[in-house]
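Visitor: Could you take me closely through the helix packing in this structure, one helix at a time where that helps? I would like the geometry set out carefully, with the reasoning given wherever it can be followed.

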Amino acid sequence: MTSSWKQQLVQVLLVLVSCGHGDTKTAAPTPTPLPPVTPLKQDAKSAVLTGKNFTERVELSSPVNMTLSCTWKGDQDKPPNITGHWRKDGQEIQDSRVTVMLEDENYKLIQVFSVVSEKDLGNYSCVFGNEARIDFILEVLQMGEKRDKPVVSYIRDFVVMTCKVEENKPIPTTWNWYTSNGTDKEQINTTASKRFKIVSEERETKLKVKDLTLDDAGQYYCGAVYPIGTSVGQVELKVITFMEPLKPFITILIEVVVLVAAILLYERSRAKKDSAEGTQTNAEQNTEPQGDDKGAEGNDSVRQRK
Amino acid sequence: MYSASFPLSVKLGVCELNMPPAAVTNLGYVPPDGGWGWAVVVGAFISIGFSYAFPKSLTIYFKEIQEYFSVSYSEIAWVSSVMLASMYAGGPVSSILVNRYGSRPVVMVGGLMVSIAMVLASLGTTIIHLYLCVGVIGGFGLAFNLQPALTIIGTYFQVKRPLANGLAMTGSPVVLSTFAPLNQFLFDSFGWRGSFLVLGSIVLNCCVAGALMRPVDKRVRFKPSDGPPRCEGGAAEEAAEVDVSAQSADPAPEDGPAESKSQSYISRYIDFSLFRHNGFLIYLSGSVVMFFGFFAPVVFLAPYAKHQGTDEYSAALLLSIFALVDMFIRPITGFIGNSKWVRPRIQYFFSFAVSYNGVCHLLCPLASGYEGLVVYAVFYGLAFGMLSALLFEALMDLVGAHRFSSAVGLVTIIECGPVLLGPPISGALVDTFRDYKYMYYACGIFMLVPGIFFFIMHYYNYKKVNEELMQSALVISNNKEALQLRINQDDETMKSKYGLDTVD
C-alpha cells in the first residue's frame with residue numbers, strides 16, 4: 001500500500017509543478033519568443049478589390065506589426081462563404097486558410113504580420129477563392145530624386161556622387177556605398193583605398209572619388225541602412241577624356257573662322273569693285289569709306305553745336 | 001537740345017512733312033534702311049541673343065557645379081549675378097569703345113572674351129575661378145556684344161528702325177529656346193567641364209555676328225530727289241536747315257575752355273550732356289523704377305506654378321509658352337511701331353507697353369488653376385515681348401542714333417542696380433508673406449507707375465518739342481521773307497539808281 005501512496009504523492013507534486021508553470025493551454029508549435037526590447041509599432045493597411053487584381057506598395061523603415069485587411073466585392077455569383085488564404089512571395093502561408101463569410105455584400109480578410117527584419121519584407125497577398133488577389137508589397141522606403149542619367153567626369157579629375165533622402169522620410173541609421181564587382185556589390189572601404197572619401201550627413205551622403213581612371217566607370221550604389229533593411233540607390237559614373245568635348249569645340253571653331261573669313265573676303269572684293277567703278281557718285285566726298293573715326297568726330301562737332 | 005528726328009507736321013511755306021525725310025536727322029548721311037542693313041540685323045540678332053540668353057541658360061549646370069565644389073546654392077547663383085552685373089556695368093566702357101572704334105571690332109573682341117572666359121572656366125579649380133572667368137570676363141564680353149549691336153542698327157536704319165529693332169531683339173527668346181535643350185544635351189554628354197568648353201566655341205559665333213557689322217557707308221549724302229514726293233526739293237533742304245539752326249540757336253556751354261582737360265577728354269567719348277536732355281531723363285528715371293519689377297515675374301513663374309500645385313513638367317511648359325509668345329510678338333511689335341500711325345507717337349506705344357506689363361502682374365493673383373496660369377503666361381509673354389522690342393527703340397527715338405551709344409551705356413550702368421536687386425527683393429517678399437501675390441502686386445506697381453509717368457511726361461515733352469520746332473520754323477521762314485524783302489528792296493534801289501533792268 002505505501003508505494004501506491006508514494007506514486008499518488010509524486011503525481012500530485014507533478015501536477016502542482018506543471019500548474020505553477022503557468023497557463024500553457026494552447027499547444028503552440030513555435031517556441032515562446034523572447035519579449036521584444038522595444039514594443040513593436042502598430043500599423044495597418046487596407047485595400048478594396050473591385051476587379052481581379054490590385055497592388056499596393058508599402059514603404060517601411062522600422063519593425064512594425066502590420067495589419068493587412070482586404071475587402072472584396074465578390075463575383076457575379078456570390079456564394080455565402082468562400083475560402084481565402086494568404087501568400088508570401090507566391091508561397092502559401094501555412095494555416096492561413098480560412099472561410100470567409102459574406103457580410104454587407106463584401107468578403108473580408110484580415111491578418112496581422114510581424115515585420116521585424118529584412119526577410120519579413122516581400123509580397124504579401126490575400127487570395128479570395130482561387131483568383132481574386134490583392135498584393136501588398138512591403139519594402140524598405142525608396143530614395144527620392146533618382147538620377148537616371150550618368151554622371152560624367154574626366155580622367156585625373158574627381159567626382160562627387162550624392163544620394164539623398166526626402167525631407168519627410170525618416171533618417172537612415174547609417175549610409176554605405178557599394179561598387180559593382182561583376183554581378184556582386186562590394187562595399188567601398190575608405191580606409192583601404194585612399195581615393196574614396198565618404199561624407200555622410202543625416203539625410204545626405206556624398207562619395208568623392210579622386211584621380212579618376214577609365215576603370216572607375218560603372219555603377220555605384222548608395223545604401224541607406226534602416227532598422228528594417230537597406231534601401232539602395234543607383235548612380236552611374238561615366239569617365240571620359242578631355243578629347244571628347246575637344247572634338248566639337250574644334251569643329252565649331254573651324255566653322256567660325258571659315259564664316260568670318262568668307263564675310264570679310266566678300267566685303268573686301270565688293271569694296272574693290274566699288275572703288276574700281278569710279279568716284280563719280282561721291283560728289284561731296286570729304287570722308288574716307290571707313291569713316292567711323294571721322295564720323296565720330298563729325299558727330300562731335302554736331303554735338304558741340306548743340 | 002531735342003533730337004529733331006521726331007517726325008512732326010511742320011508747315012514750311014508750301015510743304016508739309018509727315019514721315020521724316022531722311023534729311024530731318026542730324027546723322028549727316030542717308031541710312032540705307034535695307035540692303036546690307038538686313039545682314040546687320042542678323043548679326044545683331046545673334047549678339048543680342050547671346051547677351052541675354054547666355055547668363056540665363058547657364059543655370060542648368062549649377063546643381064552639378066554646386067555638388068562638385070561643395071558650395072551652397074546662393075554661392076553658385078552669384079555666378080549668374082556677377083555675369084549680369086558685369087554685363088550692365090560694362091555698358092559705358094562699351095560705349096566709349098564703340099564711339100572710338102565702331103561696332104565691328106568691339107563685337108569681335110567681345111566674342112573672343114566670352115569664348116576665352118568659358119574655356120578658362122572649364123579648367124577651373126575653385127568657385128572663385130568661376131566668378132572671375134564666367135562672371136567678370138564673360139559679363140564684360142557680353143557687354144561688348146550688346147551695346148554695339150544696338151548701336152549699329154541705329155546707323156543702318158532710320159525709317160524702318162522700329163522693325164529692325166524688333167527683329168534684332170527677337171534674338172533673345174530664340175537663342176534661349178535653342179540653348180535650353182542644347183545645354184541639357186551637352187551636360188548629359190560631357191558634364192559641366194566639357195560643356196563649358198563647347199559653349200566657349202559656340203559663343204565664338206558672336207565674332208561671325210561682328211564680321212557682319214560692316215561700318216555703314218557714310219559717303220552717301222543727302223540727295224534732294226530722295227525727299228518725299230509731295231515736297232519740293234528746296235523745302236526739304238530747308239528742313240535740314242531748320243534742324244541745323246535749331247541746334248545753333250542754343251549753343252551748348254559745356255565745352256567751354258574753362259572746363260578741365262580730363263572732363264573734356266571723357267566727354268569726347270561719353271556724352272554727359274545727355275543728362276540735360278529731357279527725354280533721356282524721363283526715360284532713365286522711369287526705367288530705373290521699372291527694372292525692379294521687370295525680370296522677377298519670369299524668375300518666379302515656375303516656382304509660383306509649383307506652389308499652386310502643378311507638376312514640374314507643366315510648370316516648365318508655362319515658361320515655354322511664355323517664350324514662344326515672346327518670340328512672335330517682338331517682330332510684330334516692331335512692325336506696328338513702324339506703321340505711320342504709331343511711329344510719330346512711339347513713346348506713347350512704349351508707355352502703353354510698360355503700363356500693360358503692370359496691369360498684367362496686378363491681375364495675375366486672380367488667375368486660378370493651371371488654365372488661369374496659362375492665360376497669364378500668354379498675356380505676360382505679349383507684354384514682355386512688346387516692352388523688350390521697344391525698349392531700345394524708344395531710347396533711340398529720344399536721343400537720336402549718334403548719341404545712342406553713350407545713352408545706352410549710361411542707361412545700362414544705372415539700371416544695373418534695379419536689375420540685380422529686383423529678384424532678391426521679390427524673393428524676400430515671397431519669403432516674408434509666404435504668398436506670391438504680394439510679389440506680383442509689387443511688380444505690378446513697379447511697372448504701372450513708370451508707365452503712367454511716361455504717358456504724362458511724354459505728352460508734355462511732345463508738346464514742347466512741337467512748339468520748339470514750330471518756333472524755329474517760323475524763325476527760318478521769317479528770315480526767308482526778310483531776305484526776300486531785302487532782295488526786292490535792293491532790286492528797286494538798283495533799278496531806281498541805275499535805271500537798269502534787272503534779270504529776275
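Guide: In this predicted model, a starting point is the pair α1(B) and α7(B), where α1(B) passes α7(B) in a right-handed crossing. Helix α1 of chain B covers residues 36-57 and helix α7 of chain B covers residues 161-169, and their axes come within 7 Å and cross at roughly 40°. Because an angle of that kind is neither under 35 degrees, nor over 145, nor between 65 and 115, α1(B) and α7(B) are oblique to each other.

Helix α8 of chain B, residues 171-202, calls for a check of its length: a straight helix of 32 residues would span 46 Å at 1.5 Å a residue, whereas the end C-alpha atoms of α8(B) are only 15 Å apart. In α8(B) there is also a kink of about 120°, centred on Gly191(B).

The part that deserves the closest look is α16(B), which runs over residues 369-399 of chain B. With 31 residues at 1.5 Å a residue, α16(B) should span 45 Å, and its end C-alpha atoms are 45 Å apart, so the two values agree. That agreement should be read together with a kink in α16(B) of about 35°, which is centred on Leu391(B). As for its surroundings, 23 of the 31 residues of α16(B) are buried, so this helix is largely enclosed by the rest of the structure.

Two packed helices are described by the angle between their axes and the distance between the axes, and α16(B) can be described in this way against two partners. With α15(B), residues 346-363, the packing angle is about 150° and the axes lie 8 Å apart. Since angles over 145 degrees count as roughly antiparallel, α15(B) and α16(B) are placed in that class. The residues of the contact between α15(B) and α16(B) divide into 20 nonpolar, 3 polar and 2 charged. As to handedness, α15(B) passes α16(B) in a left-handed crossing.

At the other end of the helix, α16(B) is followed by Gly400(B), whose phi is positive, near 90°. Helix α17 of chain B then covers residues 401-433, and its axis and that of α16(B) come within 8 Å and cross at roughly 125°. That angle makes α16(B) oblique to α17(B), and the crossing of α16(B) and α17(B) is right-handed.

Within α17 of chain B one finds Gly427(B), which is buried, with a relative accessible area of 14%. The C-alpha atom of Gly427(B) is separated by 52 Å from that of Ser472(B), the two residues being 45 residues apart along the chain.

The positive phi of a glycine may be set beside two residues of chain A. Most residues other than glycine have a negative phi. Asp89(A), however, has a phi near 50°, a positive value in a residue other than glycine, and Asp211(A) likewise has a positive phi, near 55°. Asp89(A) sits in the loop between β4 (81-88) and β5 (91-92) of chain A, where it is partly exposed, with a relative accessible area of 44%. Asp211(A) belongs to the loop between β15 (204-209) and β16 (218-225) of chain A, and it is partly exposed, with a relative accessible area of 45%.

Definitions and conventions
Residues numbered from 1 in each chain as written. Chains lettered and ligands numbered in written order. Predicted model: local features only at pLDDT ≥ 70, side-chain atom pairs only at ≥ 80, totals over all residues. Heavy atoms only, no water. Axes fitted to C-alpha atoms, helices over the stretch in contact; angles between N-to-C directions. Helix = DSSP H or I, 4+ residues; strand = E, 2+ residues; numbered from the N terminus. Left-handed = near helix turned anticlockwise from the far one by under 90°. Nonpolar A, V, L, I, M, F, W, Y, C, P; charged D, E, K, R; others polar. Expected span 1.5 Å × (residues − 1). Bend = angle between axes of the 7 residues up to and from the residue. Buried < 20%, exposed > 50% of the residue type's maximum accessible area, 1.4 Å probe, protein only.
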